[in-house]
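Here is a quick walk through a protein model and the molecules that sit in it. Have the structure open as you read.

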Amino acid sequence: MLVVHKYGGTSVGDVERIENVTNRVAKARELGHDIVVVVSAMSGETNKLIGYAEHFTKEPAKREMDMLLSSGERVTAALLSIALQARGYDAVSMTGRQAGIVTDNTHTYARIESIDPTAMHSAIKDGKIVIVAGFQGINKNGSVTTLGRGGSDLSAVALAGALEADQCEIYSDVDGIYTTDPRIEPNAKKLDTISYDEMLELSSLGAKVLQNRSVELAKKLNVRLYAKSSFSDNEGTLIAKESSNMEAVLVSGIVLDKNQARVTLRGVSDRPGIAAEIFTKLAEANINVDMIIQNTGTDGSTNLGFTVPHSDHENAKAVMKTFDDDMEGMDFDENVCKVSVVGVGMKSHSGVAATAFTVMAKNDINIQMISTSEIKVSMVIDEKYGELAIRTLHAAYELDK
Ligand code: ADP
Ligand code: ASP
Ligand code: MG
């Protein structure tokens with residue numbers, strides 16, 4: 001059996017923890033498995049490197065950022081290989097490039113275009129444990145690229161797909177996918193299985209336990225994906241195709257995303273083309289717009305609101321200034337968050353949204369924006385109520401039962 005393990009930052013946070021990972025990999029090896037291990041940078045390392053760059057400029061060149069940030073993962077890959085060799089295991093570390101990962105040119109948020117697994121296959125054939133530095137590849141010009149924050153999850157799933165591995169196990173500091181972040185709600189329940197679509201929705205809405213692109217790719221390539229803990233031997237959560245008994249569950253999870261800022265445009269001239277102009281400008285500036293709300297116009301003008309990640313907030317402000325003449329005024333609010341309720345069962349049940357709004361009302365929390373899809377309801381609220389909202393929604397849908 002060929003398995004891909006991925007160990008996140010907390011799991012390789014210091015040499016003792018790398019020792020712990022060494023034991024886990026050795027154990028899997030003793031079971032007779034072929035193993036490819038993907039590692040993250042030690043926890044805090046990527047942020048520390050970003051801080052160093054920002055000492056010099058707020059807008060460092062993205063190519064150089066990739067050169068810088070990819071080094072964190074290389075350190076852990078080499079250390080884990082050294083640790084395994086010290087224990088008598090044959091191991092070899094590889095950068096993304098050595099593992100054959102080729103991406104497009106989007107520095108700091110590159111997409112994987114192809115993987116040539118030849119080098120990994122031949123190392124495995126020679127009986128080696130292969131350790132790959134996560135979060136990175138190279139583009140066609142030979143420059144190092146990185147895959148976006150949390151991107152080692154994507155490296156692991158992509159390698160599992162390219163190697164046709166039997167399964168991909170993502171190890172972090174939680175032993176699976178819970179009904180909500182167990183750090184916010186200690187009564188959160190671990191799920192045995194969750195569908196790719198629900199997991200994708202949870203990840204995309206801000207549950208960072210799995211990077212959203214990695215879930216999307218796992219679904220596409222049908223990778224058998226597990227979320228497990230590197231600190232226990234508990235059964236993890238299997239992320240798989242939707243099965244009929246999953247549909248019986250009305251709500252499977254609640255997500256809090258604090259990385260949101262709200263922009264409100266007041267008295268926007270209500271004419272065809274205005275939304276196209278605004279959102280084209282934002283897209284050209286590479287600003288990720290999330291929720292969008294527009295009212296029916298009255299007296300030739302309308303209100304338009306949208307949210308962006310914190311990191312894009314200043315940029316969005318600058319872009320919106322160019323529309324000064326098209327509106328009465330604009331407000332910016334960084335102190336908002338998004339809470340979302342997710343479940344495939346919503347497809348066939350009504351009342352899920354009404355319950356969410358009632359919970360907010362009972363707690364005197366004002367809902368600033370709402371958006372829904374077939375399997376989710378999201379609300380933008382004041383950031384200070386985020387955790388309270390998560391806990392009361394969790395109880396209202398009886399997810400703690
Ligand atoms: P790693 O550093 O190993 O990549 P992350 O910090 O990215 O790990 O992800 C693990 C964290 O995800 C947990 O510590 C937990 O706080 C958070 N999390 C958010 N939502 C959930 C959820 N629904 N289930 C489990 N963990 C969650
Ligand atoms: N080290 C990178 C990050 O912090 C990638 C990862 O850990 O997955 O985003
Ligand atoms: Mg992560």
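Let's start at ligand 2, where an oxygen atom lies 3.3 Å from a backbone N or O atom of Gly151. That makes a polar contact, meaning a pair of N or O atoms within 3.5 Å; within protein, one must be able to donate a hydrogen and the other to accept it, and residues adjacent in sequence count only if both atoms are side-chain atoms. Before going on, keep in mind that this is a predicted model: local features need pLDDT of at least 70, side-chain atom pairs count only at pLDDT 80 or more, and totals for chains, interfaces and linings use all residues. Residues are numbered from 1 along each chain as its sequence is written, chains are lettered from A and ligands numbered from 1 in the order in which they are written, and side-chain values use heavy atoms, with hydrogens and water left out.

The polar contacts of both ligands sit side by side here:

| Ligand | Protein partner | Distance |
|---|---|---|
| Ligand 2, oxygen | Ser40, side-chain N or O | 2.9 Å |
| Ligand 2, oxygen | Ser152, polar backbone atom | 2.9 Å |
| Ligand 1, oxygen | Gly9, polar backbone atom | 3.4 Å |
| Ligand 1, oxygen | Asp173, polar side-chain atom | 2.9 Å |
| Ligand 1, oxygen | Arg183, side-chain N or O | 2.9 Å |

On its own, ligand 2 has 260 Å² of accessible area, and the protein covers 86% of it. Ligand 1 taken alone exposes 580 Å², of which the protein buries 88%. Both areas come from the Shrake-Rupley method with a 1.4 Å probe; for residues, only the protein chains shown count as cover.

Who are the neighbours? Around ligand 2 you'll find Ser40, Thr46, Glu73, Phe135, Arg149, Gly150, Gly151 and Ser152, where being near takes a heavy atom within 4 Å. By class that shell has one nonpolar, five polar and two charged residues. Ligand 1 has 18 residues around it, with Gly8, Asp173, Tyr178, Asp181 and Arg183 coming nearest. Its shell splits into seven nonpolar, six polar and five charged residues. For the classes, Ala, Val, Leu, Ile, Met, Phe, Trp, Tyr, Cys and Pro count as nonpolar, Asp, Glu, Lys and Arg as charged, and the others, Gly among them, as polar.

Ser152 also belongs to helix 5 (residues 152–163), where it is one of the buried residues. Helices (H or I, at least four residues) and strands (E, at least two) are DSSP runs numbered from the N terminus. Because 10 of its 12 residues are buried, helix 5 is largely enclosed by the rest of the structure; buried means under 20% relative accessible area, exposed over 50%, and partly exposed in between (1.4 Å probe, protein chains only). Just after helix 5, Glu164 takes a positive phi of about 50 degrees.

Now to the strands. In strand 6 (residues 129–133), five of five residues are buried. Ile129, Ile131 and Ala133 point one way, while Val130 and Val132 point the other. Strand 6 runs parallel to strand 2 (residues 34–39), with four bridges, and Val39 stands opposite Ala133. Strand 3 (residues 91–94) also joins strand 6 in parallel through four bridges, with Ala91 opposite Ile129. Two strands pair if DSSP finds at least two bridges between them.

Strand 13 (residues 253–269) is mostly covered too, with 13 of its 17 residues buried. Strand 13 pairs antiparallel with strand 16 (residues 329–342) over 11 bridges, and Val263 faces Phe332 there.
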